[in-house]
Amino acid sequence: MSGKTGFKTFAGGIHPPYNKELASGKAIRACPIPPEVYIPLSQHIGAPNEALVAAGDRVELGQRIGSSDAFVSAPVHSSVAGTVKEVAEITGFTGAKVKCVVITPDADQPEFAKQQGKDLEAYSDEEIRAIAREAGLVGMGGAAFPTHVKLAPPKDKPVDTVIINACECEPFLTCDHRLMLERPADLVAGLKLLMKAVGARDGIIGIEANKMDAVEEMRKAASGADGIKVEVLDVKYPEGAEKMLIFALTGRKVPPGKLPSEVGCLVQNVGTAVALYEAAAWGKPLYERVVTVTGDGISEPGNLLVRIGTPIQALIDACGGFKGDLAKIVMGGPMTGWAQPDAKAPVVKGTSGVLALTADVVDVAEEHECVRCAKCVDVCPMFLQPNFIVQAVKREEWDKAEMWGALDCFECGCCSFTCPAYIPHVTYVRKAKADIGALKRK
Amino acid sequence: MAGELLTNVSPHLHKKDETIARAMKDVLIALAPAAIWALVVFGFNVVLILAVSCIAAAIAEVVMRKIMGRKITLKDYSAMVTAVLFAFLLPPTTPLWVVAIGSFIAIAVFKELFGGLGKNVVNPAITARLLLWITPLSVYTTKFVRPFYWKDSGFFTPIATSFSKGVTTFQTLAGNSVDVVAAATPMSLLKSGRWGVDVITGPTPIGATWTNSAGRPTLGSLFLGLKSGCIGEVSVLLLLLGGLYLIWRGTIDWRIPTGIIGSFLLLNLIFWNQPLYNLFAGGLFLGAFFMATDWVTSPVTRRGKWIYAVGIGLTVFLIRLLHYRPEGVAIAIFMWNFGTLLIDRYIAQPKFGEVGVGVFNKLPILPEPAPAPAKKEA
Ligand code: SF4
Ligand code: SF4
């Protein structure tokens, strides 16, 4: 459907302050390698990985250090050449302890040895899936679902359209924007591989209207590519949510509890598509990614190419350190990211940004009784009733929480953003999901 | 790093200025033009009534919250909104002590006893007004003055509060009598006379500009606000402006006033029941924009809002058609405040991509007795 501006969009949603200008003009540059990297063994949704290395082992850049035989899993690779110090439990970005391989990098780091002369056209769908798995690709927008699993949709649900989610609808973040400006051809090549892998006819790159320079670059890069088009979307959050994006671009609605393949679509993130290209063309596993380091609490916001496992303090140092009255550090975007108690957590494959927000930006207030203003209901892109989910959770009426949509909530945060009573709906939704899940397993 | 970092769950942004206090301030701003106009038309008494209503509401809120051990929330202005709306529902002759009692009850009983803002089931201002109406105090709330009556007695001359049964002439505090028109509001004209009979028996209202030859207000004067009536329902134009401001600010949902006014107008058109006169004469605009849109007591879904709004329009129409009550709008909104409970519970809102959902939620007809807390592992 079309929004007020004439661009494609969905119903509901919000217009947060975007603050993209802080980092959007900054070219991607490499983040210095820290004295130690902490690479979490499992950085995906699915079965956990086993460590393939032990304390004292030497590891090379891009060497596989953790994997699992389970289908829904993605291996992890060393992001540096160095020596394994230990395999230890470290507090990850969600606050939970995660098993990490701690590596001390060599003083001299090699360049990655790119394989040469690969014919991307020659790969079969089977091979592309194998490459994706081998390289440890996951959704790099934050969800971190293993890519090869997404590339193997059920046989009875053929995928005809691959969508590149280039909305970057989260405020502050600019890493996908930069990738489009700096590597448009690689993104188009990645998209072609994705289309081939699922046998899709159409490829759509959906970009929000606040990145018209990227639209132009991508249109240039995609001209002449069969079946690929670049579409401009309304600037609205969460335009890049899978279901909203599919609806905005194709008019198809993924039913509650179903996957995009239900309506013949596959959605992949910009970073993932570029990473797939790198894996297929150069044989490079996913051991580094672009992270936007920004916020009004960062001295020199920018976009860094960061080795996985780098503690976020190193990123912040690379951007001139903190400034102002720091109130919050967030890993990810400001709408769905995780607030950090310190700057120690390591960057993972799904880390799109590191934000430092000052007290001026962070707006916290005591939770008031719901005043039934219906603003949350109006903005919920899933058409849920967040106010009643909260009420049901407070009363522990799990069946009602489910009826009002707790399980269909994808935690975009629109409801809390707009709630005059400052109710943290997502907190309640997570509680509902955990408890409903526990009840169902019984 | 300076001090403790915040680690609450996402989202980490909040819409600027989206607070309860901001919304309540918006309502007060939206009501201001109508209040000022009432002051011009009905004299200084209006200020006294508004002031007393606000003070009584504030006292009620503080006292009740102290007793119930809750935090004082005067700063959110919600008590003030209730107080002003309550005052708006009173005739400008209402004795101040009656105002005080009513306003106190509105907050103490219909808001705080239910658990405070957000938990109340019925609109406090409306309910308090209806309560006055069914008690003996109602005698004090049925006398109206003609516009600009103060030209004779003086702008600052308060109206005396001494009522004796059946007497409808008012005394100013200074002792001279204010010539006050007894209860000839446009609504009562409509009821008793329709268009046929001239029912004004008192002195002719000022000027010939606002009445036609039969002594009834013209549509223009109703719309602009040259009529007798309750403090807040005088100028349709100013209420409309205030309402549009609230819609523009996103404080109220356009569906509710649209549904109420639209359905009411449509029904009056179909049954040709003086559509425009009916629309402008009573408290419909005040109710539609400021009372029925009360967040707490209106449904939350879009579908629910339409049902609620059309329900109110229909109810007001029936009350006016079948059984004239000056409080028709208030009664209708009060009734549909209960309708809200049912609508929110039973009317389904299909989720994104959900098909084949009926109109109703799959819930037992009767609310289950007490929510049984689910068993939890230790
Ligand atoms: S936005 Fe907040 S206050 Fe308004 S209905 Fe939703 S939960 Fe209640
Ligand atoms: S209920 Fe869930 S999906 Fe709906 S707005 Fe809130 S966080 Fe987003």
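Let's start with a single residue: Asn165(A) sits in strand 9 of chain A, which covers residues 161-166. Keep in mind that this is a predicted model. From that one residue we'll move out to the domains of chain A, then to the meeting of chain B and chain A, and finally to the nonpolar cores.

**Zooming in on Asn165(A)**

- Is Asn165(A) buried or exposed? With a relative accessibility of 15%, Asn165(A) counts as buried, because the cut-off for that word is under 20%.
- Its side chain has a polar atom 3.2 Å from the backbone nitrogen of Cys167(A).
- If you skip the neighbours within four places in sequence, Asn165(A) still has plenty to touch: Asp176(A), Gly206(A), Gly240(A), Leu245(A), Val267(A), Gln268(A), Asn269(A) and Val270(A).

**How chain A is divided up**

- The domain assignment splits chain A into domain 1 (20-25 + 119-282), domain 2 (31-106 + 287-358) and domain 3 (375-441).
- Measure from C-alpha centre to C-alpha centre, and domain 1 of chain A and domain 2 of chain A are 23 Å apart.
- Where these two meet, 28 residues of domain 1 of chain A and 34 residues of domain 2 of chain A take part in the contact.
- About 2400 Å² is buried between domain 1 of chain A and domain 2 of chain A, with carbon and sulfur atoms giving 63% of that area.
- On the domain 1 side, Arg133(A), Met140(A) and Phe172(A) lose the most area to domain 2 of chain A, and together they make up 23% of what that side buries.

**Polar links between domains 1 and 2 of chain A**

- How many salt bridges are there between domain 1 of chain A and domain 2 of chain A? The count is one.
- Glu134(A) and Arg64(A) form a salt bridge, and their closest N and O atoms are 2.7 Å apart.
- There are also 15 residue pairs in polar contact between domain 1 of chain A and domain 2 of chain A, counting pairs with both residues at pLDDT 80 or more.
- Three elements give two or more residues to the domain 1 side of this contact: helix 1 (125-134), helix 2 (147-150) and helix 3 (175-182) of chain A.
- Helix 3 of chain A gives the most to that side, with three residues.

**Where chain B meets chain A**

- Here 52 residues of chain B are in contact with 76 residues of chain A.
- The area buried between chain B and chain A is about 5200 Å², and 59% of it comes from carbon and sulfur atoms.
- His12(B), Leu13(B) and Phe352(B) supply 18% of the area that chain B buries against chain A, more than any other three residues.
- Across this interface the rule finds six salt bridges.
- Glu369(A) and Lys119(B) join their side chains in a salt bridge, at 3.8 Å from N to O.

**The nonpolar cores**

- As a general point, nonpolar side chains in soluble globular proteins tend to be buried together.
- The largest nonpolar core here has 120 residues, and Phe88(B) and Phe290(B) have the most contacts inside it.
- Helix 1 of chain B (residues 20-42) gives the most to this core, with twelve residues.
- Domain 1 and domain 3 of chain A both give residues to this core, so it lies between them.
- Not counting residues up to four places away in sequence, Phe290(B) touches a list of residues that includes Val27(B), Leu85(B), Leu239(B) and Phe285(B).
- A second, separate core has 45 residues, among them Leu137(A), Ala214(A), Met218(A) and Ile228(A).

Terms used
Residues are numbered from 1 along each chain as its sequence is written. Chains are lettered from A and ligands numbered from 1 in the order in which they are written. This is a predicted model: local features need pLDDT of at least 70, side-chain atom pairs count only at pLDDT 80 or more; totals for chains, interfaces and linings use all residues. Side-chain values use heavy atoms; hydrogens and water are left out. A nonpolar core is a set of buried Ala, Val, Leu, Ile, Met, Phe, Trp, Tyr and Cys residues joined through side-chain atoms within 4.5 Å. Buried means under 20% relative accessible area, exposed over 50%, partly exposed in between (1.4 Å probe, protein chains only). Helices (H or I, at least four residues) and strands (E, at least two) are DSSP runs, numbered from the N terminus. Domain bounds come from an automatic or database domain assignment. Contact means heavy atoms within 4.5 Å. Buried area is the accessible area (1.4 Å probe) that two parts lose on being put together, summed over both. A salt bridge is a side-chain nitrogen of Lys or Arg within 4 Å of a carboxyl oxygen of Asp or Glu. A polar contact is a pair of N or O atoms within 3.5 Å; within protein, one must be able to donate a hydrogen and the other to accept it, and residues adjacent in sequence count only if both atoms are side-chain atoms.
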